[in-house]
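These are my notebook entries from a session spent looking things up in one structure. I kept them in the order in which I went through the places that caught my attention.

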Amino acid sequence: MNPGESINAELIVLTYGALVRQLVSDLENVASVNKQLDTMGYNIGIRLIDEYLARSKTSKCLDFRDTADKVAKVGFRMFLNTSATVANWNADSTECSLILEDNPLTDFVELPEGCEDLVYCNVLCGVVRGALEMVNINVECSFVKDMLRGDEVYEMRLKLLSHGAESYPFKDDD
Amino acid sequence: MYGRQSLVDRPLVKAKAEVSLSAFAFFFSELVQYCQTKVSNVGELERRLEDVGYGVGIRLLELLCLRERNSKRDTRLLDTLKFVHSTLWKYLFGRQAKDLEQSNTADDEYMISDYDLFVNKYISVPKDLGQLNCAAFVAGIVKGVMDSAGFPARVTAHFIQIKGDTRKKTTILIKLDSSVLAREAGLPAV
């Protein structure tokens, strides 16, 4: 994998923090902040997948298990320099958890009173959802465990909704 | 905080690994786009970016003083400017800023200039936004640092065109509050 350029990790922590603070002060309630973060993540995801495909040099995913593995091992490593563990598969391999023990977005972060319901890292859910949607995999993604809210780890639940069929973009040349 | 050790009780670890620049670029672009929905002109957009940077700046001053400066903070103007030019810049960009100059025309104005700031790396400004310089975010950081160090100032970011140089040079203009100069004048020369 081509490492590309990198910057101080804390700068992202602080910048992301500033962004979340801005949202909290602009929007009336925490639920809409969570939603906005998810939307921003989605916008990031649909563009981020291009860079992933261009730089990661990974092969095609065989099934959803493979996909989850690549998101956890390659995707997180590439952009956030950390990696997640895939666990808790359900019986028919359509749901799993990505477990992050170390989340580079949340250094220096504490949730103040009144923001207990804020899903601080919700942006990551949006990113995963957006990126996978661009490769025809529709997923639902949400945090079920959050260290900022007292859990032991960050756990992101990933649920496969549908596998879009690959279709040739006939209209491209019109 | 849910029974965990509070943040200030934990050790202040050394800055850890780096993350990909594109991760930052993605966040920053969302930030700019979000700010854009809240404003009606370029000036306001820059001011909004400055405000966001300001919050980063006040935190960085504290962090850098504790970590790099043995919990000491400079109290003289020139030292503080040097702190911004070297320590802060190294932290943000991995190198010292190119220049730190005092303006020829006004002695309350200082300029820190550098080439190719990474905040501008993946940003192409559309025509209708003309003079927008997203380094306004960096200006905000500098303002946050200056203000909380006790040197209130107006800080703005500008592109500077130099003949025969295709690189983009950004100058951060620091215009100090008159109270700062009055106070400095009363102190013994360093």
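**Entry 1: A:F108.** I began with A:F108, which in this predicted model sits in the loop that runs between strand 3 (95-100) and helix 4 (122-133) of chain A. I looked up how much of A:F108 can be reached from outside and found a relative accessible area of 34%, so I noted the residue as partly exposed. I then asked which residues share a nonpolar surface patch with A:F108. The partners turned out to be in the other chain, for A:F108 makes a patch of about 250 Å² with B:L12 and B:L66. Before leaving this residue I checked its backbone, and I noted a phi near 65° for A:F108, a positive value in a residue other than glycine.

**Entry 2: A:N81.** I wrote down another positive phi, near 55°, at A:N81, which again is a residue other than glycine. I placed A:N81 in the loop between helix 3 and strand 2 (85-87) of chain A. With a relative accessible area of 32%, A:N81 went into my notes as partly exposed.

**Entry 3: where the chains meet.** I next turned to the two chains together, and asked how many residues of chain A are in contact with chain B. I found 41 residues of chain A in contact with 38 residues of chain B. The area buried between chain A and chain B comes to about 4,000 Å², and carbon and sulfur atoms give 63% of that area. Among the charged groups I counted 3 salt bridges between chain A and chain B, and one of the salt bridges I looked up joins B:R48 to A:D26, with the closest N and O atoms 2.5 Å apart. I also noted 13 residue pairs in polar contact between the two chains, both residues of each pair being at pLDDT 80 or more. On the side of chain A that touches chain B, at least two residues each are supplied by strand 1 (6-8), helix 1 (9-26), helix 2 (30-56) and helix 3 (64-80). Which of the elements of chain A gives the most to that side? I found that helix 1 does, with 13 residues.

**Entry 4: B:G57.** I moved into chain B and looked up B:G57, which belongs to helix 2 (residues 42-68) of that chain. Is B:G57 buried or exposed? Its relative accessible area is 0%, which means that I can list B:G57 as buried. Setting aside residues up to four places away in sequence, I found that B:G57 touches B:I141, B:G144 and B:V145. I took a closer look at B:V145, and recorded that B:G57 and B:V145 are 88 residues apart in sequence while their C-alpha atoms are 4.9 Å apart in space.

**Entry 5: B:A139.** I then looked at B:A139, which is found in helix 4 of chain B, and noted that B:A139 counts as buried because its relative accessibility is 0%. Leaving aside neighbours within four places in sequence, I listed B:E50, B:V155, B:T156, B:A157 and B:I172 as the contacts of B:A139. For a distance along the chain I checked B:L60, which is 79 residues from B:A139, and found the two C-alpha atoms separated by 13 Å.

**Entry 6: B:N133.** I found B:N133 in the loop between strand 3 (109-115) and helix 4 (136-148) of chain B. I had to note B:N133 as buried, because its relative accessibility is 0%. I asked what joins the side chains of B:N133 and B:N120, and the answer was a polar contact of 3.0 Å. Not counting residues up to four places away in sequence, B:N133 touches several others, including B:E46, B:H158, B:F159 and B:T170.

**Entry 7: B:D108.** My last stop was B:D108, in the loop between strand 2 (99-102) and strand 3 of chain B. I found a relative accessibility of 15% for B:D108, and since buried means under 20%, I recorded B:D108 as buried. I noted that its side chain makes a polar contact of 3.1 Å with the side chain of B:K175. Apart from neighbours within four places in sequence, the contacts of B:D108 are B:I174, B:K175, B:L176 and B:L181.

Definitions and conventions:
Residues numbered from 1 in each chain as written. Chains lettered and ligands numbered in written order. Predicted model: local features only at pLDDT ≥ 70, side-chain atom pairs only at ≥ 80, totals over all residues. Heavy atoms only, no water. Patch = residues over 30% accessible without salt bridge, like charges linked within 9 Å, V, L, I, M, F, W, Y side chains within 5 Å. Areas by Shrake-Rupley, 256 points an atom, 1.4 Å probe, with all protein chains shown as cover. Salt bridge = Lys/Arg side-chain N within 4 Å of Asp/Glu carboxyl O. Helix = DSSP H or I, 4+ residues; strand = E, 2+ residues; numbered from the N terminus. Buried < 20%, exposed > 50% of the residue type's maximum accessible area, 1.4 Å probe, protein only. Contact = heavy atoms within 4.5 Å. Buried area = accessible area lost by both parts, 1.4 Å probe. Polar contact = N/O pair within 3.5 Å; in protein donor to acceptor, adjacent residues only side chain to side chain.
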